[in-house]
Amino acid sequence: MQFSFSRFGLCAALAMVSFVAGCSQEDYGDLGKVTGTVTLDGEPYANAIVTFSPQKGRPSTALTDEMGNYELVYIRTTKGAEPGEHQVTISTQPPTVDDSYQGPKFKDPIPVRYNRRSELSRTVQLGVNEFDFELTSK
């Protein structure tokens with residue numbers, strides 16, 4: 001079997017490959033890379049959901065690792081956050097339980113002043129941003 005491409009077909013195929021290869025962070029505008037660490041009472045805090053919400057636009061989120069480190073994700077595999085002022089919320093990812101669980105309802109160990117009634121905000125700049133959050137339970 002032999003394939004032949006017309007010039008138009010070859011150009012269209014190359015354009016499609018260039019488009020797919022070019023789908024990256026730039027397609028979502030200029031973003032700032034945001035990393036940091038979350039601690040609670042001086043200890044690294046694992047499994048915290050960190051959300052940066054701009055006044056307008058898409059929020060970025062991350063889940064902290066065992067050492068409390070996070071890196072925000074804008075959408076799917078695109079990392080970063082929109083530049084500008086963001087309200088920041090930090091909450092604990094609830095444990096997974098099945099439907100038969102009859103125990104007490106999950107209570108987030110992180111105080112509401114860091115999540116539902118967050119007092120946290122940060123300004124994201126283009127380029128690299130590092131924001132550490134030293135939370136206290138009292």
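Start by selecting strand 3, residues 48–54, together with strand 8, residues 84–92. In this predicted model, strand 3 and strand 8 pair in the antiparallel sense, and seven bridges join them. To see one pairing up close, pick A48 and then look across to strand 8, where T92 stands opposite.

Keep strand 3 selected and switch on the surface. How many of its seven residues are buried? Five of them are, so strand 3 is mostly covered.

**Next stop: the other partner of strand 3**

Now add strand 4, residues 60–63. Strand 3 pairs with strand 4 too, again in the antiparallel sense, this time over four bridges. Two pairs of residues help you find your way along this pairing. Select V50, and you will find its bridge partner, A62, in strand 4. Then select F52, whose bridge partner in strand 4 is S60.

Follow the chain from strand 3 into strand 4 and you travel around a hairpin with five residues between the two strands. Stop in the turn at G57, which has a positive phi of about 115°.

Next, show the side chains of strand 4. Which residues point to one face, and which to the other? S60 and A62 point to one face and are buried. T61 and L63 point to the other face and are not buried. You may recognise a general pattern here: in a regular strand, side chains alternate between the two faces of the sheet.

**Two residues with a positive phi**

Go back to the start of strand 3 and select N47, in the loop between strand 2 (43–44) and strand 3. N47 is not a glycine, yet its phi is positive, at about 65°. Is N47 buried, partly exposed or exposed? With a relative accessible area of 35%, N47 is partly exposed, because that category lies between under 20% for buried and over 50% for exposed.

Now jump to R76, in the loop between strand 6 (73–75) and strand 7 (78–79). R76 also has a positive phi, about 50°, although it is not a glycine. Because its relative accessible area is 67%, R76 counts as exposed.

**A salt bridge to find**

Select E71 and K79 together and show their side chains. These two residues form a salt bridge, and their closest N and O atoms are 3.6 Å apart. How many salt bridges does a search of the whole structure find? The search finds one. Each end of this salt bridge is partly exposed: E71 has 28% relative accessibility, and K79 has 40%.

**A positive patch on the surface**

For the next stop, select K105, K107, R116 and R117 and show the surface. These four residues form a positive patch there. Look for K105 in the loop between strand 8 and strand 9 (120–124). K105 counts as exposed because its relative accessibility is 80%.

**Far along the chain, across space**

Now compare distance along the sequence with distance in space. Select T39, in strand 1 (residues 32–40), and T136. How far apart are T39 and T136 in sequence and in space? They are 97 residues apart in sequence, and their C-alpha atoms are 8.2 Å apart. T39 is buried, since its relative accessible area is 16%.

Try the same with L126 and V34. This pair is separated by 92 residues in sequence and by 9.6 Å in space, C-alpha to C-alpha. L126 is found in the loop between strand 9 and strand 10 (127–130). At a relative accessible area of 53%, L126 counts as exposed.

**Zoom out**

Finally, clear your selections and colour the whole chain by secondary structure. What elements are there in the chain? You should find one helix and 11 strands. Trace them from the N terminus: the order begins with the helix, and the strands follow. As a last view, colour the chain by accessibility: of its 138 residues, 30% count as buried.

Conventions: Residues are numbered from 1 along each chain as its sequence is written. This is a predicted model: local features need pLDDT of at least 70, side-chain atom pairs count only at pLDDT 80 or more; totals for chains, interfaces and linings use all residues. Side-chain values use heavy atoms; hydrogens and water are left out. Patches are made of residues with over 30% relative accessible area and no salt bridge: like charges are joined within 9 Å, nonpolar side chains (Val, Leu, Ile, Met, Phe, Trp, Tyr) within 5 Å. Accessible areas come from the Shrake-Rupley method with a 1.4 Å probe; for residues, only the protein chains shown count as cover. Lys and Arg count as positive and Asp and Glu as negative; His and the chain ends are not counted. The place of a charge is taken as NZ of Lys, CZ of Arg, CG of Asp or CD of Glu. Buried means under 20% relative accessible area, exposed over 50%, partly exposed in between (1.4 Å probe, protein chains only). Two strands pair if DSSP finds at least two bridges between them.
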